Amino acid sequence: MYEQRPMKAKISISIDSDVERAIKILSERDDRSFSQYINRVLKQHLVDIGYYDEHKDED
């Protein structure tokens, strides 16, 4: 059985240029795209504040 990927939404946001630079550096270090890295950071933040269950799709 294959793992189903979550649906993606395209959005536009404005971020500070220093935050953009930092995310670009960190995403390159982690060998991820800019978008993948932002998604990962946001998801982890939601987990940290108890708003998202990172294991919700696991059986």
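Here are some questions and answers about how the labels for this predicted model are earned.

Residues are numbered from 1 along each chain as its sequence is written. In this predicted model, local features need pLDDT of at least 70, side-chain atom pairs count only at pLDDT 80 or more, totals for chains, interfaces and linings use all residues, and side-chain values use heavy atoms, with hydrogens and water left out.

Q: What makes up the secondary structure of the protein?
A: You get two helices and zero strands. Helices are DSSP runs of H or I with at least four residues, strands are runs of E with at least two, and numbering goes from the N terminus.

Q: Why are H1 and H2 called roughly perpendicular to each other?
A: The axes of H1 (residues 17-29) and H2 (residues 34-48) cross at roughly 100 degrees and come within 9 Å. Angles of 65 to 115 count as roughly perpendicular (under 35 is roughly parallel, over 145 roughly antiparallel, the rest oblique), so H1 and H2 get that name.

Q: Which residues make the contact between H1 and H2?
A: H1 brings Glu20, Ile23, Lys24, Leu26 and Ser27, while H2 brings Phe34, Tyr37 and Ile38. Contact here means heavy atoms within 4.5 Å.

Q: Why is serine 27 called buried?
A: Buried means under 20% relative accessible area, exposed means over 50%, and partly exposed is in between (1.4 Å probe, protein chains only). Serine 27 has just 3%, so buried is the right word. This residue of helix H1 is in contact with Arg32, Ser33, Phe34 and Tyr37, leaving aside neighbours within four places in sequence. Also, a polar atom of the serine 27 side chain lies 3.0 Å from the backbone oxygen of lysine 24.

Q: How do you know that aspartate 31 counts as exposed?
A: Its relative accessibility is 72%, and therefore aspartate 31 counts as exposed. You'll find aspartate 31 in the loop between H1 and H2. Its phi is near 55 degrees, a positive value in a residue other than glycine.

Q: How many of the 59 residues, as a percentage, count as buried?
A: The figure is 8% of the 59 residues.

Conventions:
Axes are lines fitted to C-alpha atoms, for helices over the stretch in contact, and angles run from 0 to 180 degrees between N-to-C directions. A polar contact is a pair of N or O atoms within 3.5 Å; within protein, one must be able to donate a hydrogen and the other to accept it, and residues adjacent in sequence count only if both atoms are side-chain atoms.
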